[in-house]
Amino acid sequence: MAEIIDGRAIAQRVRAQVATQTQRLLAENIIPGLAVILVGNDPASEIYVRNKERAAAKTGIHSETFKLSATTTEAEVLALIQRLNHDASIDAILLQSPVPGQINEQAMQDAIAPEKDVDGFNPTNIGKLFANRAGYYPVANTPKGIMTLLEQAHVELAQRLVVILGRSNLVGRPLFALMEAQNASVVLLHRFTPDDLRHQLLQQADVIISATGVPKLVRADDVKAGATVIDVGITRLADGSLQGDVDFEAVAPKAQAITPVPGGVGPMTIATLLQTTVELAAEHHQVELEAGWQNI
Ligand SMILES: Nc1nc2c(c(=O)[nH]1)N[C@@H](CN(C=O)c1ccc(C(=O)N[C@@H](CCC(=O)O)C(=O)O)cc1)CN2
């Protein structure tokens, strides 16, 4: 039976480290500031944003949430982003995704100042990631959190075959770059990959990351014995339960390590958001954070 990678426990350790780092910054009169913009009434987004507010407050980060109506215009969101770009009390700006149809999400991501782009969605930061530039820049929090999970579970990436299912800007694409930078051989598959090719590649993978939102897409016969399986998919079923992309019961007995849904990757997204907020605040004030995140 596989090791179950406990995302809640690892996220808790990241949050404790964020609280410690925040205390260090506060001692130098630096208050890390996070602005979260929520446009519209998507019920899941409302919960995620509330959880972000609560988690920030618990760690000592100053957070402000801007709840805008579903009819807010693009010009209004842009004006808010521009105001926050110039607000010295704000180190990190996040526009909760998805946004209503009248708003061009990419244009808003482009408008967030790269040095406050806590989601790492601005093309300047994406470019640095894909060019494997040295120095600090923000990276999308779900893939960054997955890298923390793998590190904490002592999963080796160098010289391993990693297969990623799903090429979103939120998960698959940045994860591809992060894994490649760790000297993994990475294959990024998507909805146009033929089923038989997907099956053949998955069977060879040392590490599988699935971020498709297709319930139970990854089955036991897709997985090589001893592989590590990371499930990013979260689908709410008719009975209210959550189902991942991986058939957990069937795959777990074959895998070396596996994340559950819920309680795997999900909790890392908010913990890593707080981590990135503190890192951005430290960057802005040119303060070196003493302990590395690897000490969690
Ligand atoms: N601007 C952004 N928008 C969105 C992001 C993001 O990183 N930046 N990610 C997701 C939503 N998200 C945070 O925003 C998020 C998703 C899931 C979880 C989580 O803890 N999931 C739990 C299950 C929760 C449940 O019961 O529904 C788990 O998997 O255990 C936290 C945050 C899209 N938008």
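**Close-up 1. The shell around the ligand draws on 18 residues.** In this predicted model, Tyr 48, Ser 97, Pro 262, Gly 266 and Thr 269 are the closest of the residues that surround the ligand. Strand E4, helix H6 (141-152) and helix H10 (266-284) each supply at least two residues of this shell. Which helix gives the largest share? That is H10, with four residues.

**Close-up 2. Helix H3 has a buried side and an exposed face.** Let's start with the length of H3, which takes in residues 74-85. At 1.5 Å a residue, its 12 residues should span 16 Å, and the end C-alpha atoms are indeed 16 Å apart, so the two values agree. Now look at Val 77, Leu 80, Ile 81 and Leu 84, the buried residues of H3. They cover an arc of only 100° around the axis and therefore sit on the same side of H3. An α-helix has 3.6 residues a turn, so residues three or four places apart point the same way. Turned away from the buried side of H3 is a face with the exposed residues Ala 75, Ala 79 and Arg 83.

**Close-up 3. Strands and a helix cover the buried residues of H3.** Among the elements that cover them are strand E2 (33-39), strand E3 (62-68), strand E4 (92-95) and helix H4 (105-111). Strand E4 is worth finding in the ligand view too, as E4 also supplies at least two residues of the shell there.

**Close-up 4. Six strands make an open, parallel sheet.** Follow the order E1-E11-E8-E7-E5-E6 from one edge to the other. Strand E1 (3-4) and strand E6 (185-189) stand at the edges with a single partner strand each, so one side of each has no neighbour in the sheet. At the E1 edge, two bridges join E1 to strand E11 (residues 257-258) in the parallel sense, and Glu 3 stands opposite Ala 257 in E11. Helix H7 (residues 172-181) lies across strand E5 (161-165), E6 and strand E7 (207-210), and runs at about 170° to E6.

**Close-up 5. Ser 210 in strand E7 is a buried residue.** Why does Ser 210 count as buried? It has 26 other C-beta atoms within 10 Å, and 20 or more are needed for a residue to be called buried. Leaving aside neighbours within four places in sequence, the contacts of Ser 210 include Leu 165, Gly 166, Leu 217, Asp 231 and Val 246. For a link back to the ligand view, Gly 266 lies 56 residues from Ser 210 in sequence and 13 Å away in space, C-alpha to C-alpha.

Note on methods
Residues are numbered from 1 along each chain as its sequence is written. This is a predicted model: local features need pLDDT of at least 70, side-chain atom pairs count only at pLDDT 80 or more; totals for chains, interfaces and linings use all residues. The expected span of a helix is 1.5 Å times one less than its number of residues. A residue is buried if 20 or more other C-beta atoms lie within 10 Å of its own, exposed if 12 or fewer, and partly exposed in between; C-beta atoms are placed from the backbone. The arc is that of the directions from the helix axis to the C-beta atoms. Two residues are in contact if their C-beta atoms, placed from the backbone, lie within 7 Å. Two strands pair if DSSP finds at least two bridges between them. Axes are lines fitted to C-alpha atoms, for helices over the stretch in contact, and angles run from 0 to 180 degrees between N-to-C directions. A residue is near a molecule or strand if its C-beta atom, placed from the backbone, lies within 6 Å of it.
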